[in-house]
Structures are given as C-alpha cells and as structure tokens.
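Welcome, and thanks for opening your viewer. Please load the entry below and keep the selection tool handy as we go from the overall fold to a single residue and then to the core.

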Amino acid sequence: MTLTMNLRLLLLALTASLPLLSIAQVGNGVVFYSEANLAFTPTTVDSTTILTVELGNEVGVAQTVSLSGLDGPFSLLGPSDITIGSEASSTLSLAFAPTSLGDFTDTLHAQGAVFGEANIVLSGEGIQVLLEWSADTLYFDTTAIGATSYQDLIITN
C-alpha cells in the first residue's frame with residue numbers, strides 16, 4: 001500500500017468512530033450557524049433578553065459583512081458592519097426589549113461585500129408580570145402554642 005492509501009484508511013477509521021455532528025446553518029458564503037428561526041424567551045415589558053449567534057464567512061478571502069433589517073424591539077448590539085476573516089466566524093449579540101405586550105417578528109439580513117448573504121428570522125413575546133395583593137401587612141391575634149391562626153391574602157397577576 002502506498003502512503004496516500006494508508007492515510008486515507010486512517011482518516012476513514014478515525015471519522016467512522018466519531019459521533020455524527022449536525023450544525024444548522026443558514027445562508028450561502030455568509031452563514032448564520034443557527035436554525036433559520038431564532039426565538040427569544042418570553043420577556044417582560046421594559047426589560048431585555050440577549051442571545052448570541054455565530055456569523056461565518058465561508059469565502060476564501062476576508063470580507064466585510066453588512067447587517068441590517070432589525071427594528072424595535074429587536075436590535076443588534078455592536079457595529080452594523082463587521083469584517084470576518086477567510087473561513088472564520090464572529091459572534092453577534094442580539095437584543096429583544098419589548099415596550100408593549102404581544103408577539104414580535106423581524107428578520108436580520110447579512111450581506112457580504114465579496115459574496116454571500118443570509119437571513120435569520122427572530123421572534124419574541126413581550127409579557128407583563130404585575131403582581132398585586134390585597135394587603136401589605138397581616139396582623140395575627142395572639143395564638144396559643146399548638147393552635148392555628150390564619151388570614152387570607154389574595155395575589156393577582
């Protein structure tokens with residue numbers, strides 16, 4: 001056997017023993033290493049949830065990638081143009097900060113200056129947690145040891 005054949009057999013044996021890995025990716029040339037739809041956890045109105053996603057450049061040269069398309073309550077934390085090296089990636093931080101109740105959807109668009117583009121759909125739900133109770137202080141009468149006293153407290157959301 002030749003050295004090349006031996007190397008091929010060794011590589012085949014090594015890859016056969018490795019677990020199968022699956023990474024979702026969206027795009028061509030410029031890719032999001034993520035599912036096509038990315039959902040934020042339900043977020044309380046007037047607070048913020050942040051997610052990160054990897055953006056890759058699968059082109060053989062470095063290129064500047066322009067990011068656009070997001071409107072409130074979604075935003076990109078960082079510059080809207082980033083330079084990514086040849087066959088490298090960069091981490092993006094995305095924020096969801098709802099100012100009202102409801103479901104929201106938007107699309108982040110990545111456009112490579114040399115080649116490629118990708119879109120990722122973001123979604124999130126603005127929720128409200130407002131607790132109210134019937135009294136702010138509870139007073140109990142003197143209670144003997146072993147006896148029970150109780151008061152009702154109503155909590156609503």
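## The whole chain

Start with everything in cartoon view: the chain holds 1 helix and 13 strands. Keep in mind that this is a predicted model. Trace the cartoon along the sequence and you will read α-β-β-β-β-β-β-β-β-β-β-β-β-β.

Now switch on a surface. Its accessible area comes to about 10,500 Å², with 57% of that belonging to carbon and sulfur atoms. Of the 157 residues in the chain, 26% are buried. If you draw a contact map and keep pairs at least 6 apart in sequence, 61% of those contacts join residues at least 24 apart.

## Strand β9 and its partners

Next, select residues 88-96, which form strand β9. Which way does strand β5 run against β9? Add residues 49-57 to the selection to see β5: the two strands are antiparallel and joined by 9 bridges. For a landmark in this pairing, label L51, which stands opposite L94 of β9.

Then add residues 74-77, strand β7. This strand is also antiparallel to β9, with 4 bridges between them. Here the pair to label is L77 and S93, the latter in β9 and opposite the former.

## Zooming in on A95

Stay in β9 and centre the view on A95. Is A95 buried or exposed? Its relative accessibility is 5%, so A95 counts as buried, the cut-off for buried being under 20%.

What surrounds A95, once neighbours within four places in sequence are set aside? Show sticks for F40, T48, T49, I50, P73, F74, S75 and L77, and you have its contacts. Try a distance label from A95 to S75: the C-alpha atoms are 5.2 Å apart, while the two residues are 20 apart in sequence.

## The largest nonpolar core

For the next stop, select F32, L55, V65, L67, L92, L94 and L108. These residues have the most contacts inside the largest nonpolar core, which has 23 residues. Colour by element to see where that core draws from: β2 (30-32), β5, β6 (63-68), β7, β8 (81-84), β9, β10 (102-112) and β11 (117-127) each give two or more residues to it.

Finish on L67. Beyond its neighbours within four places in sequence, L67 is in contact with L55, L76, P79, S80, D81, I82, L92, L108, H109 and A110. Three of the names you selected a moment ago, L55, L92 and L108, appear in that list.

Technical notes
Residues numbered from 1 in each chain as written. Predicted model: local features only at pLDDT ≥ 70, side-chain atom pairs only at ≥ 80, totals over all residues. Heavy atoms only, no water. Buried < 20%, exposed > 50% of the residue type's maximum accessible area, 1.4 Å probe, protein only. Contact = heavy atoms within 4.5 Å. Pairing = 2+ DSSP bridges. Core = buried A, V, L, I, M, F, W, Y, C linked by side-chain atoms within 4.5 Å. Areas by Shrake-Rupley, 256 points an atom, 1.4 Å probe, with all protein chains shown as cover.
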